Amino acid sequence: MSINIEAEYKFAKEQYASLGVDTETAIQALKSISVSIHCWQGDDVGGFEHNGSQLSGGIQATGNYPGQAKNIEQLRSDIEFAMSLIPGKHRLNLHACYLDNLGGFVDRDQIEVKHFESWAHWGRERLQGIDFNPTFFAHDKFSDGLTLSHPDRAVRDFWIEHGRRCREIAAYFGKQFNTESANNFWIPDGFKDVPVDRAAPRERLTESLDEIFEKDYPKELTLDSVESKLFGIGAESYTVGSHEFYMGYALSRGKMICLDSGHFHPTEMISEKISAILLFYEKMLLHVSRPVRWDSDHVVTLNEELIEIAHELVRSRRLSDIHIGLDFFDASINRIAAWVIGARNLLKAMLFAFLEPTKMLQEKEREFDFTSRLAYREELKTMPFNAVWKYYCEQMCVPAGISWLDEVRQYEKDVLSKR
Ligand SMILES: C[C@H](O)[C@H](O)[C@@H](O)C(=O)CO
Ligand SMILES: [Mn+2]
């Protein structure tokens, strides 16, 4: 450990102690946080099916920075490298379209556990677990902008089969890693213009999901979640799986709800929703993203909303009930740097929250002393937080400061530039 980092940490520890905060406890708490790092940042949500379909479903990766992962080996090596710069042991969030096709084309309604075994083998020593996502986009059976809510039974059946098979695969990952695999259903179905029948697609989506979820899986292996959305590109006027739809669906079916920070009106914050959802749900999932004017999926920065999300998670004292996933994809910058920046920021925000003297602040609030509440919260923003972060990174054997970027540049030169 560098002498400077140790000395700065000692000073910070005293400063926090004067507010009744134990930095050692905060560091221990941070060690237990396992983030589900999304595979799709590495190749701009391309996947390895090579089915000839472009990215669709109302999401878009913009930019053409060189070095995108083009095959499963490249993606794994990029993830490994990114993880070596992120403190802690984390999970991988895998989409079904990232299958190992074992040398032949495999359509979505044909995927099996065997197409994901190599992910489990590769991840065994490296990961805490693998979470999963059926892929309901970038496919010719999404041609009308509808999948599970399509009026054509054959189209629905295709996607129902996909959903069922994905549950089997998620349960397999749960078993392999001895930790529940969160299986997140995001269904992009919607209309560009205002529909005259809003109800029928929602009825069909309900029926299709019910068919997918017919089979019970042990909850120690896998938990399903459903992710709502306000709109997507080409589905600006109506999304079948809206927030209200899934709040009702998930609650009535014992599923988790997934809150994506980009899936609401621009001034609507998910940090505000977490405490309400936890009152009624046993578990939940988060997709931490950064919407810039729309669901743009920018790399997560250490902004006010991220810090507020982290505080809500910590204050809830329900961390073990909350799966925290990342969801962004920026193709205009080094993709590994994108992962590292976003994941480190999320962890920094968590540490910031663990360093809050929550009990004291809540007491002030209960006494209606809103002046002190504001004064302390502002003071906390300039406490020597970074000294604790650097100390933590050194303990976890990852670069404490910006030197991680030198390593990324070297990898860019040695590996990415040769692709
Ligand atoms: C690729 C992901 O499944 C996707 O980003 C989804 O979670 C989403 O947020 C769509 O807007
Ligand atoms: Mn999402």
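**Exercise 1. Work out what percentage of the residues in the protein chain are buried, and how the overall dimensions of the chain fit with its length.**

Solution. Begin with burial: in this predicted model, buried residues make up 47% of the 419 residues in the protein chain. Next, take the secondary structure, which consists of 14 helices and ten strands. The radius of gyration is 22 Å, close to the 22 Å that the globule rule gives for 419 residues, so the chain is as compact as a globular protein of that length. Along the principal axes, the C-alpha atoms fill a box of roughly 65 × 55 × 40 Å. Finally, turn to the contacts with a separation of 6 or more, of which 82% are between residues 24 or more positions apart.

**Exercise 2. Determine how many of the residues of strand β8 are buried, and place this strand among its partners.**

Solution. First count the residues: five of the five in β8 (residues 256-260) are buried, so this strand is largely enclosed by the rest of the structure. Then sort them by direction, with Met256, Cys258 and Asp260 pointing one way and Ile257 and Leu259 the other way. This can be compared with the general rule that in a regular strand the side chains alternate between the two faces of the sheet.

Now look for the partners. Strand β6 (residues 222-227) runs parallel to β8 and is joined to it by three bridges, and in β8 the bridge partner of Val226 is Ile257. Strand β9 (residues 284-288) also runs parallel to β8, joined by four bridges, and there the bridge partner of Ile257 is Met284. The chain passes from β8 through helix α8 (residues 274-280) to β9, in a β-α-β crossover that is right-handed.

**Exercise 3. List the residues around ligand 1 and divide them by character.**

Solution. The residues around ligand 1 are Trp40, Val45, Ile59, His95, Asn133, Trp186, Glu227, Lys229, Asp260, His287, Asp295 and Asp327. Dividing this shell gives four nonpolar, three polar and five charged residues. Asp260, one of the residues listed, also belongs to the buried residues of β8.

**Exercise 4. Decide whether Val45, Ala138 and Phe158 are buried or partly exposed.**

Solution. The step needed here is a count of other C-beta atoms within 10 Å, where 20 or more makes a residue buried. Val45, found in the loop between β1 (36-38) and α3 (72-83), has 23 such atoms and is therefore buried. Ala138, in the loop between β3 (129-133) and α5, has 22 C-beta neighbours inside 10 Å and so counts as buried. Both residues have a positive phi, near 60° for Val45 and near 50° for Ala138.

Phe158, in helix α5 (residues 153-177), has 18 other C-beta atoms within 10 Å, and is therefore partly exposed. Leaving aside its neighbours within four places in sequence, Phe158 is in contact with Asp109 and Lys141. The C-alpha atoms of Phe158 and Ile130 are separated by 25 Å, and these two residues are 28 residues apart along the chain.

**Exercise 5. Identify which helices the buried residues of α13 pack against.**

Solution. In helix α13 (residues 385-395), the buried residues include Ala387, Val388, Trp389, Lys390, Tyr391, Tyr392 and Cys393. The buried residues of this helix pack against α1 (3-17), α2 (23-31) and α10 (335-354). Just after α13, Cys397 takes a positive phi of about 60°.

Definitions and conventions:
Residues are numbered from 1 along each chain as its sequence is written. Chains are lettered from A and ligands numbered from 1 in the order in which they are written. This is a predicted model: local features need pLDDT of at least 70, side-chain atom pairs count only at pLDDT 80 or more; totals for chains, interfaces and linings use all residues. Helices (H or I, at least four residues) and strands (E, at least two) are DSSP runs, numbered from the N terminus. The radius of gyration is taken over C-alpha atoms; the globule rule is 2.2 Å times the number of residues to the power 0.38. A residue is buried if 20 or more other C-beta atoms lie within 10 Å of its own, exposed if 12 or fewer, and partly exposed in between; C-beta atoms are placed from the backbone. Two residues are in contact if their C-beta atoms, placed from the backbone, lie within 7 Å. Two strands pair if DSSP finds at least two bridges between them. A crossover is right-handed if, with the strands pointing away from the viewer, the path from the first strand over the helix to the second runs clockwise. A residue is near a molecule or strand if its C-beta atom, placed from the backbone, lies within 6 Å of it. Ala, Val, Leu, Ile, Met, Phe, Trp, Tyr, Cys and Pro count as nonpolar, Asp, Glu, Lys and Arg as charged, and the others, Gly among them, as polar.
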